[in-house]
Amino acid sequence: MNKRIAAIGLVAVVLMVCAAGNVAAYDKKAGGHGGGIDEKIFGKAHMIMANAEELKLTEEQIKGIKEWKLEAKKQNIRQDAEIEVFKLDIYSKLWDNEMDPATLYGLIDQLYGLKATKAKSMIEAYGKLMNILTDEQKAALKGLCRKSLSDKCPKR
């Protein structure tokens with residue numbers, strides 16, 4: 001009976017880890033719509049810089065955006081590395097002779113805590129990016145984004 005419970009527990013943990021990998025892949029693709037939250041935010045920064053003249057960005061704003069982008073990318077890389085290392089820890093626990101599902105459950109909870117922290121820090125970084133722009137520039141950017149979307153969408 002104990003062997004059967006242990007076998008069921010092992011299967012459950014393996015399925016959860018596989019599911020975690022699939023969710024991570026889904027997170028990266030954002031449901032197949034071109035990237036996760038970090039790619040969308042960096043894409044917005046790229047759009048701002050590509051339209052600097054149209055948005056009438058000052059030299060100080062351009063410098064601020066470049067500094068923002070550097071810091072945000074550094075933070076993003078650090079957080080991605082921490083998440084990847086944590087995944088390795090989880091996978092290594094699966095190979096233990098005496099696997100403890102409770103330990104793995106805790107590690108999985110911590111992994112998703114790291115992912116939540118990363119998403120929250122990206123939202124904070126996005127707020128800092130948008131605070132560099134004036135209200136008029138934000139309105140102009142919104143118009144550019146709408147125009148960009150309508151250019152990509154098929155005409156009806």
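1. Accessible area here is computed by the Shrake-Rupley method with a 1.4 Å probe. On that basis the chain exposes about 10,900 Å², and carbon and sulfur atoms supply 60% of this area. Please keep in mind as you read on that this is a predicted model.

2. A word on the overall make-up. The chain has six helices and zero strands, so the order of elements from the N terminus is simply α-α-α-α-α-α. Of the 156 residues, 29% are buried. Among contacts with a separation of 6 or more, 75% involve residues 24 or more positions apart.

3. Helix α5 is a nice place to check the geometry. This helix covers residues 101-132, and at 1.5 Å a residue its 32 residues should span 46 Å. The C-alpha atoms at its ends are 47 Å apart, which agrees. The buried residues of α5 include Leu104, Leu107, Ile108 and Leu111, and also Lys115, Lys118 and Ser121.

4. Now to the charged pairs: the count of salt bridges comes to six. One of them joins Lys63 and Glu67, with N to O at 3.9 Å. The cut-off for such a pair is 4 Å. Both residues belong to helix α4 (residues 59-94), and because they are four residues apart, about one helical turn separates them. Lys63 is exposed, at 53% relative accessible area, while Glu67 is partly exposed at 44%.

5. Helix α4 also holds a salt bridge between Lys74 and Glu71, whose closest N and O atoms are 3.7 Å apart. Here the spacing is three residues, again about one turn of the helix. An α-helix has 3.6 residues a turn, so residues three or four places apart point the same way. Lys74 counts as partly exposed at 35% relative accessibility, and Glu71 counts as partly exposed at 44%.

6. I would also invite you to look at Asp80 and Lys118, whose side chains meet in a salt bridge at 2.5 Å, N to O. Asp80 lies in helix α4 and Lys118 in helix α5, so this pair ties together parts that are 38 residues apart in sequence. Asp80 is partly exposed, with a relative accessible area of 23%. Lys118, at 11%, counts as buried, because the cut-off for buried is under 20%. Asp38 comes into the picture too: salt bridges that share partners join Asp38, Asp80 and Lys118 into one network.

Note on methods:
Residues numbered from 1 in each chain as written. Predicted model: local features only at pLDDT ≥ 70, side-chain atom pairs only at ≥ 80, totals over all residues. Heavy atoms only, no water. Helix = DSSP H or I, 4+ residues; strand = E, 2+ residues; numbered from the N terminus. Expected span 1.5 Å × (residues − 1). Buried < 20%, exposed > 50% of the residue type's maximum accessible area, 1.4 Å probe, protein only. Contact = heavy atoms within 4.5 Å.
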